[in-house]
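Have the model open in your viewer, with the sequence panel beside it. Take the stops in order and select as you go.

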Amino acid sequence: MGWQKRLMKERILIVEDNLQSMRLIEMTLKAKGYTLLEAFDGEEAIEVAVRERPDLVILDIQLPKMSGLEVTKKLRETPGFAHTPIIAITAYAMKGDKEKVIDAGCDLHLSKPINTRELPALIAQMLQQWRRDSV
Ligand code: MN
């Protein structure tokens, strides 16, 4: 990989209050060379997002302080975040979950346990799509 490509490696914000899940997601993405940012509750998610301007957000929906749905709605109203890819993750996928997170403004819904092979592929795909759209 050339230095130019390396410099362009994307920043991914992972929002997850469960440390084990956080580490699992990080492990699946570590080898891909992304810069990984962490937030452990909804308020921190907004703070880190605004400060660090991630290229993609992986967002647990059940979070302390502010739910993932509220985080999504807030981010979508924040300048610069209208189209940032957001992947929502829910622990107990119930009927209607998918619709709820998509309505809130997430781009994709995944249920736990996350598929560690599928996740990096989906992320690469979404980032590529996003790059293409924002040219
Ligand atoms: Mn949670």
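What follows is a walk through selected sites of this predicted model.

**Stop 1: the manganese ion**

Select the manganese ion. Which residues coordinate the manganese ion? The donors are D17 (OD), D60 (OD) and Q62 (O), at 2.0 to 2.2 Å. Scan the sequence panel for their spacing: along the chain it reads D-x42-D-x1-Q.

Now colour by accessibility and look at two of these donors. D60 has 2% relative accessibility, so D60 counts as buried. Q62, at 45% relative accessibility, counts as partly exposed.

**Stop 2: where α2 meets α6**

Select residues 19-30, helix α2, together with residues 118-133, helix α6. The two helices pack at an angle of about 65°. Their axes lie 9 Å apart. The crossing of α2 and α6 is right-handed.

Show side chains at the contact. From α2 come I25, T28 and L29; from α6 come L119, P120 and I123. By class, the residues of this contact are five nonpolar, one polar and no charged.

**Stop 3: helix α3 and its cover**

Move to residues 42-52, helix α3. Which residues of α3 are buried? Pick out G42, A45, I46, V48 and A49. Then add what covers them: the cover includes strands β1 (11-15) and β2 (35-39), and helix α4 (68-77).

**Stop 4: the cap at D41**

Step back to D41, in the loop between β2 and α3. D41 caps the N-terminal end of α3. Draw a distance from the D41 side-chain oxygen to the backbone nitrogen of E43: it is 2.9 Å. Is D41 buried or exposed? Its relative accessible area is 12%, under the 20% limit, so D41 is buried.

Expand the selection around D41. Not counting residues up to four places away in sequence, D41 touches V15, L63, P64 and K65.

**Stop 5: E43, the capped partner**

Select E43, which sits in helix α3. At 38% relative accessibility, E43 counts as partly exposed. Leaving aside neighbours within four places in sequence, E43 is in contact with K65 and M66. K65 also appeared in the list around D41.

For a longer span, draw a line from the C-alpha of E43 to that of I87. These atoms are separated by 18 Å, and the residues are 44 apart along the chain.

**Stop 6: backbone angles and a cis bond**

Next come three backbone details. Keep this background in mind: most residues other than glycine have a negative phi, and most peptide bonds are trans.

Go to R53, which follows α3. R53 is in the loop between α3 and β3 (56-60). What is the phi of R53? It is near 50°, a positive value in a residue other than glycine. With a relative accessible area of 41%, R53 is partly exposed.

Return to K65, in the loop between β3 and α4. Phi of K65 is near 75°, again positive in a residue other than glycine. K65 is exposed, because its relative accessible area is 63%, over the 50% limit.

Now select K112 and P113. A cis peptide bond joins them, with omega about 0°. P113 lies in the loop between β5 (108-111) and α6. From here you can look back to α6, the helix that packs with α2.

**Stop 7: R76 and its surroundings**

Finish in helix α4, at R76. Is R76 buried or exposed? R76 has 19% relative accessibility, so R76 counts as buried.

Draw two distances from the side chain of R76. One runs from a polar atom of that side chain to the backbone oxygen of T84, at 2.8 Å. The other is a polar contact with the side chain of D107, at 3.0 Å.

Then show everything in contact with R76. Setting aside residues up to four places away in sequence, R76 touches F81, A82, H83, T84, I86, A104, G105 and D107. T84 and D107 are therefore worth labelling in this view: T84 offers its backbone oxygen, and D107 its side chain.

Notes: Residues numbered from 1 in each chain as written. Predicted model: local features only at pLDDT ≥ 70, side-chain atom pairs only at ≥ 80, totals over all residues. Heavy atoms only, no water. Donors = N, O, S within 2.8 Å, 3.2 Å for Na, K, Ca; no water. Buried < 20%, exposed > 50% of the residue type's maximum accessible area, 1.4 Å probe, protein only. Axes fitted to C-alpha atoms, helices over the stretch in contact; angles between N-to-C directions. Helix = DSSP H or I, 4+ residues; strand = E, 2+ residues; numbered from the N terminus. Left-handed = near helix turned anticlockwise from the far one by under 90°. Contact = heavy atoms within 4.5 Å. Nonpolar A, V, L, I, M, F, W, Y, C, P; charged D, E, K, R; others polar. Polar contact = N/O pair within 3.5 Å; in protein donor to acceptor, adjacent residues only side chain to side chain.
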